[in-house]
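Visitor: I am new here and would like to learn how the labels on a structure are earned. Could you walk me through a few of them?
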Amino acid sequence: MAVNVTEKDFNVQIIDLDYGLKSEDPIRKLKVYSKRTFDKAHFPDKISRIFSPKKFNEKILQVYSRNRNKEVCEILNSASEEIVRNALKQRDQNKTPSNESDQKDEPRAKKRKC
């Protein structure tokens, strides 16, 4: 039996996660207190690379199924993964050597049961 998926079967949300600073480095806004001068904040002299990512924002694709049919959930999951893969492939084709990062972005899909 063929399964038909309609717009009523799912909801899609695209979330921009950017710490409220768009593409600006949030670490540059960091102020720390010293145990010697706890009444005055200052910018740290050295920042670990762990706390200095190359990108400061990300997009999250969330697909919610309103239909608990297992086949519908599998179709929606496959479609959302394909959308992310195609978006990353298109973004990689548009990259120039000057804006490439050292890290390769991979889709992070959290599969959940319907």
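Visitor: What makes Asp92 buried, exposed or partly exposed?
Guide: This is a predicted model, and the label follows from a computed area. Asp92 has a relative accessible area of 28%. Buried means under 20% and exposed means over 50%, so Asp92, at 28%, is partly exposed. Arg91 also has 28% relative accessibility, and therefore Arg91 counts as partly exposed.

Visitor: Why is the contact of Asp92 and Arg91 called a salt bridge?
Guide: The side chains of Asp92 and Arg91 come to 2.8 Å, N to O. The cut-off is 4 Å between a side-chain nitrogen of Lys or Arg and a carboxyl oxygen of Asp or Glu, so the pair qualifies. The whole structure holds 2 salt bridges.

Visitor: What makes Asp16 and Lys59 a salt bridge?
Guide: Their closest N and O atoms are 2.6 Å apart, which is within 4 Å, so this pair qualifies as well. Asp16 lies in strand 1 and Lys59 in strand 4, 43 residues apart, so the bridge links distant parts of the chain.

Visitor: Why does Lys59 count as exposed?
Guide: Lys59 has 62% relative accessibility. Exposed means over 50%, so Lys59 is exposed.

Visitor: How do you know that Val63 can belong to a surface patch?
Guide: Val63, in strand 4, has a relative accessible area of 31%. A patch residue needs over 30%, so Val63 passes that cut-off. With Val12, Ile14, Leu61 and Ile83, Val63 makes a nonpolar surface patch of about 410 Å². Strand 1 and strand 4 each give two or more residues to the patch.

Note on methods
Residues are numbered from 1 along each chain as its sequence is written. This is a predicted model: local features need pLDDT of at least 70, side-chain atom pairs count only at pLDDT 80 or more; totals for chains, interfaces and linings use all residues. Side-chain values use heavy atoms; hydrogens and water are left out. Patches are made of residues with over 30% relative accessible area and no salt bridge: like charges are joined within 9 Å, nonpolar side chains (Val, Leu, Ile, Met, Phe, Trp, Tyr) within 5 Å. Accessible areas come from the Shrake-Rupley method with a 1.4 Å probe; for residues, only the protein chains shown count as cover. Helices (H or I, at least four residues) and strands (E, at least two) are DSSP runs, numbered from the N terminus. Buried means under 20% relative accessible area, exposed over 50%, partly exposed in between (1.4 Å probe, protein chains only).
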